[in-house]
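Good morning, and thank you for the time on today's agenda. I would ask everyone to look at the sequence and the structure before I begin.

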Amino acid sequence: MMKKSTAFIAISAMVVSLAAPAAVYADDGTIKVGFAIKTMKEPYFVKLVDGLQEACDEKGWEFSYLTADDDSIKESENMETFITQGMDVIFLDSVDPDACIPSIDAAAEAGIPVINLDSDVNGGDYVTTVYSNNDENGRLAGNEYIKWLNEQGREDEEIVAILVSGTKGNVAGVERREGLMAGIIQGRTECSDEDAFAAAEEMEAQLQSGGKAENTDANFRIVGQGWGNWVIEDGLTATEDFITANPDVNVILGENDQMLFGSLTALENAGLTGVALLAAADGACDAYDLIKENEDADNPYIATGLNSPVLVGQYGMDIAAQIVEEGASWDSFDKITKTEAAAITVDNVDDYYDIGF
């Protein structure tokens, strides 16, 4: 059994008792949907918004979004605006998993269901959180990296890694890096999923206490953890801080593609080659292009986990429709709804290209 559930719920959840509030519909019968999103600075979020807009247009629903620009206070104001406007559904991609709780509860008290997209939260009266299967994506990507090493005849080589993480305290970030660590450990030791994630938790504890981590059974160590804030520029800086001091690094692990694009630039600026790149997520089309070229690349991009804004938006809309069109009770859904898990490699990249961003 895995440390965390990797099953995602069926979107056709069964209607149960009316224990949760019902949405209050607009006077003219039009369904009004608001999306409080953390940022629009990266293509993932733009694609997510565009997909929801398109889906709402197809249904004849009214859609609007407000961005918090990574500011929890502004997010709270945006949520208050949507509540005041009497939205029938609010989608939320929160800046902070704790700061958003009062806003979620305020919406619930007004009879407005909140569906979290992309980012999990630590409480509140919400319907569900829809996001990618972070830990399983990471595990699969880690497995693919070991498979790639073995194909290179490097099965006994020590793995010396830099970890580029998003933001401190982010739930998805922890899941993604633990998934990567579990996949690498499992690929090397052939242990069970449960044991792999237990070992990854031990490495996570080491990282948090000392900034470094090691698993001797897998001949795998992380020499530093930098914080890239999910964006290219900070991913570059986070990588630069470690590559000079650690010339034996042979892989950079990233919690998303954007930060690894910055890592790739840092390697090129330093004139370093032979360093692999491995992402736990996202599935950016630029990453897919790099994966296609990895056999000829100086610093090959081995794999990324499937975190498609297209799928996240589709799942969210399906759940919203069940509530506002079919009368499904809020508590008929599991608190976590995960999209399918996959590691995208050179062997399957074409299958996923159209749902990238």
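How many residues does helix α8 have, and how far does it reach from its first C-alpha to its last? In this predicted model, helix α8 covers residues 257–270, which gives 14 residues, and it reaches 20 Å between those two atoms. That is close to the 20 Å expected at 1.5 Å a residue.

Let me stay with this helix for a moment. Of its 14 residues, 10 are buried, so α8 is largely enclosed by the rest of the structure. The buried residues are D257, Q258, M259, L260, F261, G262, S263, L264, A266 and L267. At the N-terminal end, N256 acts as the cap: one of its side-chain oxygens lies 3.0 Å from the backbone nitrogen of M259. Following α8 comes G271, with a positive phi near 70°.

Two residues of this helix, L264 and L267, recur in the surroundings of N299, which touches both of them. N299 sits in the loop between α9 (285–292) and β11 (301–305). Is N299 buried or exposed? Its relative accessible area is 6%, and with the cut-off for burial set at under 20%, N299 is buried. Leaving out residues up to four places away in sequence, N299 also touches L272, T273, G274, V275 and L277. With G274 there is a polar contact as well, in which the side chain of N299 reaches the backbone nitrogen of G274 at 3.2 Å.

The loop that holds N299 leads to strand β11. For β11, 5 of the 5 residues are buried, so this strand too is largely enclosed by the rest of the structure. Strand β10, residues 276–279, runs parallel to β11 and is joined to it by 2 bridges. Within that pair, L278 stands opposite A303.

I now turn to the open sheet. In what order do its 6 strands lie? The order is β2-β1-β3-β4-β5-β12, and the pairing is parallel. At the edges are β2 (62–67) and β12 (336–338), each of which pairs on one side only. On average, neighbouring strands of this sheet are turned by 20° against each other, direction ignored. As an example of the pairing, 5 bridges join β1, residues 32–37, to β3, residues 89–93. In that pair, I37 stands opposite D93.

Two helices that pack on this sheet deserve mention. Helix α2, residues 72–84, touches β1, β2, β3 and β4 (114–117), and its direction makes about 160° with that of β2. Helix α10, residues 309–324, touches β3, β4, β5 (128–131) and β12, and its direction makes about 155° with that of β5.

On the edge strand β2, I would point out T67. Beyond its neighbours within four places in sequence, T67 is in contact with I37, K38, T39, M40, K74 and N78. The side chain of T67 also reaches the backbone nitrogen of D69 at 3.3 Å. From T67 to K41 the separation is 26 residues in sequence and 9.7 Å in space, C-alpha to C-alpha.

Next, the nonpolar cores. The largest has 63 residues, and those touching the most other members are F35, W61, F91, I115 and L117. Its largest share, 9 residues, comes from α10. I115 illustrates the arrangement: among its contacts beyond four places in sequence are F91, V130, G316, I319 and A320. A separate core of 31 residues includes W148, L149, I184 and A218.

Helix α4, residues 134–151, may be treated in the same manner as α8. Its 18 residues should span 26 Å at 1.5 Å a residue, and its end C-alpha atoms are 26 Å apart, which agrees. Since 13 of the 18 residues are buried, α4 is largely enclosed by the rest of the structure. Just after this helix, G153 takes a positive phi of about 75°.

I close with two backbone angles. Most residues other than glycine have a negative phi. Which way does the phi of N229 go, positive or negative? N229 has a positive phi of about 55°, and W230 has a positive phi of about 70°; neither N229 nor W230 is a glycine. N229 lies in the loop between β8 (220–227) and α7 (232–243), and W230 is also placed between β8 and α7. N229 is partly exposed at 39% relative accessibility, whereas W230 is buried at 17%.

Note on methods:
Residues numbered from 1 in each chain as written. Predicted model: local features only at pLDDT ≥ 70, side-chain atom pairs only at ≥ 80, totals over all residues. Heavy atoms only, no water. Pairing = 2+ DSSP bridges. Helix = DSSP H or I, 4+ residues; strand = E, 2+ residues; numbered from the N terminus. Axes fitted to C-alpha atoms, helices over the stretch in contact; angles between N-to-C directions. Contact = heavy atoms within 4.5 Å. Expected span 1.5 Å × (residues − 1). Buried < 20%, exposed > 50% of the residue type's maximum accessible area, 1.4 Å probe, protein only. Polar contact = N/O pair within 3.5 Å; in protein donor to acceptor, adjacent residues only side chain to side chain. Core = buried A, V, L, I, M, F, W, Y, C linked by side-chain atoms within 4.5 Å.
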